[in-house]
Structures are given as structure tokens and as C-alpha cells.
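Biologist: Please take a close look at a single part of this model for a first-year student. Begin with one residue, and work outwards from there in plain steps.

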Amino acid sequence: MKRIWISCLVLLVCGINLQAQDVLKAKDKAAIMKALQDQQKAWNQADIPTFMEGYWKSDSLVFVGASGPQYGWQTTHDNYFVRYPNKTAMGQLEFSVLRLEKLGSKSAFMIGKWYLTRDIGDVGGHFTLVWKKIDGRWLIVSDHTS
């Protein structure tokens, strides 16, 4: 009987340990949320260069929109300037996070909504972001926005 109790205790401890490993640490979640808030603030100040600081500055960054995948930080940067040439086009951005979870020790997955309030007509949609911790910073490495 003692062996059964010990086996149950071991299974319980292992199960709790595995579950804890699947949860994004509070400090990492807070850092990701702050990075997203910083992007929202920069956008609302019509500051695309600061908004872009939330993205991985790499040719491997991928942004997927209506025209399909586009690769590279510079391409993403340039596309934002073409699509949103001024404050009127940019409007006021609001993000809503629907889901944020750990993928690995240095990666996370986010699903959310975005909404632009603009004088020229409001628009909105959804996004899926893959975040990666690079050199101590959480950065977007993949963005699918619709």
C-alpha cells in the first residue's frame, strides 16, 4: 500500500511540474504585454519607427497579410509607411489580446484583435503573433494580420 501512495505522489509531482513548464512565466508575459503596449502607444503618436522596435530586425521576420507572406524587417517597415502614410490613415490603434501562451522556453504565441478608429473610416481585424526572446528582449518574429 505504501508503494501505491509513493507512486501516486510521484505522478502528482511530475504532473504539476509538467503543467508549470507549459505556463508562460509572469515576468515574460508582462514583458510581452509591455512590448505590445509600447507598439500601440507609438502607433497612436504616428511613430512607425518606434512601432517597428517591437519586431525582430532580421530578413527572416515574416509578415503575412492580404497579399501573402512578406519577408524582412525593412520590407515590413516600408509597407507600413506605404499603407499608413500619415496620422489620418493611422488613426488610433487599440489591441485586445485574446490568447497568450508559451511555445517554448524563449517563444510565445498570441492571438488578438486590432482596431483603428479613424476619421476616414474605422477598420479592424485579428492578428496572430509569434514572439521570441532574443538578446533578452521579446520581439515579434512572425505576424499574421487580417
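Modeller: Lys133 is the starting point, and with a relative accessibility of 26% it counts as partly exposed. The structure is a predicted model, and the values below are computed from it. The label follows from the cut-offs: buried means under 20% and exposed means over 50%, so a residue at 26% falls in between.

The side chain of Lys133 meets that of Asp28 in a salt bridge, with 3.3 Å from N to O. The two residues belong to separate elements: Lys133 is in strand β5 (residues 123-134) and Asp28 is in helix α2 (residues 26-44), so the salt bridge ties together parts that are 105 residues apart in sequence. The two ends of this contact also carry separate labels. Asp28 has a relative accessible area of 8%, so it is buried, whereas Lys133 is partly exposed.

A search of the whole structure finds 3 salt bridges. Helix α2 holds another of them, between Asp38 and Lys34, where the closest N and O atoms are 3.0 Å apart. Here both partners lie in α2, and they are 4 residues apart, about one turn of the helix. Asp38 is partly exposed at 37% relative accessible area, and Lys34 is partly exposed at 48%. The side chains of Glu101 and Arg99 also meet in a salt bridge, at 2.7 Å from N to O. Both of these residues are labelled partly exposed: Glu101 has a relative accessibility of 30%, and Arg99 has a relative accessible area of 43%.

Beyond β5 the chain enters a loop, and Gly136 is placed in this loop between β5 and β6. What is its label, buried or exposed? Gly136 has a relative accessible area of 58%, and the limit for exposed is over 50%, so Gly136 is exposed. Its C-alpha atom is separated by 9.5 Å from that of Lys106, although the two residues are 30 residues apart along the chain.

The loop leads to strand β6 (residues 137-145), which pairs with β1 in the parallel sense over 3 bridges. At one place in this pairing, Val62 stands opposite Ser142 of β6. Strand β1 (residues 62-65) also pairs with strand β2 (residues 68-71), this time in the antiparallel sense and over 4 bridges. The strands β1 and β2 form a hairpin, with 2 residues between them. Within the hairpin, Val64 has Pro69 of β2 as its bridge partner.

Next come the rings. The structure holds 9 aromatic pairs. One of them joins Trp43 and Phe51, whose ring centres are 5.0 Å apart and whose planes differ by 65°, an edge-to-face arrangement. Trp43 is buried, with a relative accessible area of 3%, and Phe51 is buried as well, at 3% relative accessibility. Another pair consists of Tyr80 and Tyr84, with 6.4 Å from centre to centre and 35° between the planes, which makes the pair tilted. Tyr80 is buried at 12% relative accessible area, and Tyr84 is buried at 8%. Ring pairs link these four residues with Tyr55 and Phe63 into a cluster. Apart from these ring pairs, there is a contact between a charge and a ring: the charged end of Lys57 sits over the ring of Trp73, 4.5 Å from its centre.

Three members of the ring cluster turn up again at a pocket. Rolling a probe the size of a water molecule over the atoms shows where empty space is left. The largest pocket found has a volume of about 550 Å³. It is lined by 27 residues, and those nearest its centre are Phe63, Tyr80, Arg83, Tyr84 and Thr145. Among the elements that give two or more residues to this lining are α2 and β5, together with β1, β2 and β6. The helix α4 (73-83) is on that list too, as are β3 (92-104) and β4 (107-117). The largest contribution to the lining comes from α4, with 4 residues.

This returns to the starting point. The salt bridge of Lys133 and Asp28 joins β5 to α2, and both of these elements give residues to the lining of the largest pocket.

How values were computed:
Residues are numbered from 1 along each chain as its sequence is written. This is a predicted model: local features need pLDDT of at least 70, side-chain atom pairs count only at pLDDT 80 or more; totals for chains, interfaces and linings use all residues. Side-chain values use heavy atoms; hydrogens and water are left out. Two strands pair if DSSP finds at least two bridges between them. Rings of Phe, Tyr and Trp (its six-membered ring) pair if their centres lie within 6.5 Å; planes under 30 degrees apart count as stacked, over 60 as edge-to-face and the rest as tilted. Buried means under 20% relative accessible area, exposed over 50%, partly exposed in between (1.4 Å probe, protein chains only). A charge sits over a ring if NZ of Lys or CZ of Arg is within 6 Å of the ring centre and within 35 degrees of the ring normal. A salt bridge is a side-chain nitrogen of Lys or Arg within 4 Å of a carboxyl oxygen of Asp or Glu. On a 1 Å grid over the protein atoms alone, a cavity is a set of points where a 1.4 Å probe fits but cannot get out, and a pocket is an open set with protein on both sides within 12 Å along at least five of seven lines; lining residues have an atom within 4 Å of a point. Grid points are joined across faces, edges and corners, and a volume is the space filled by probe spheres set on the points.
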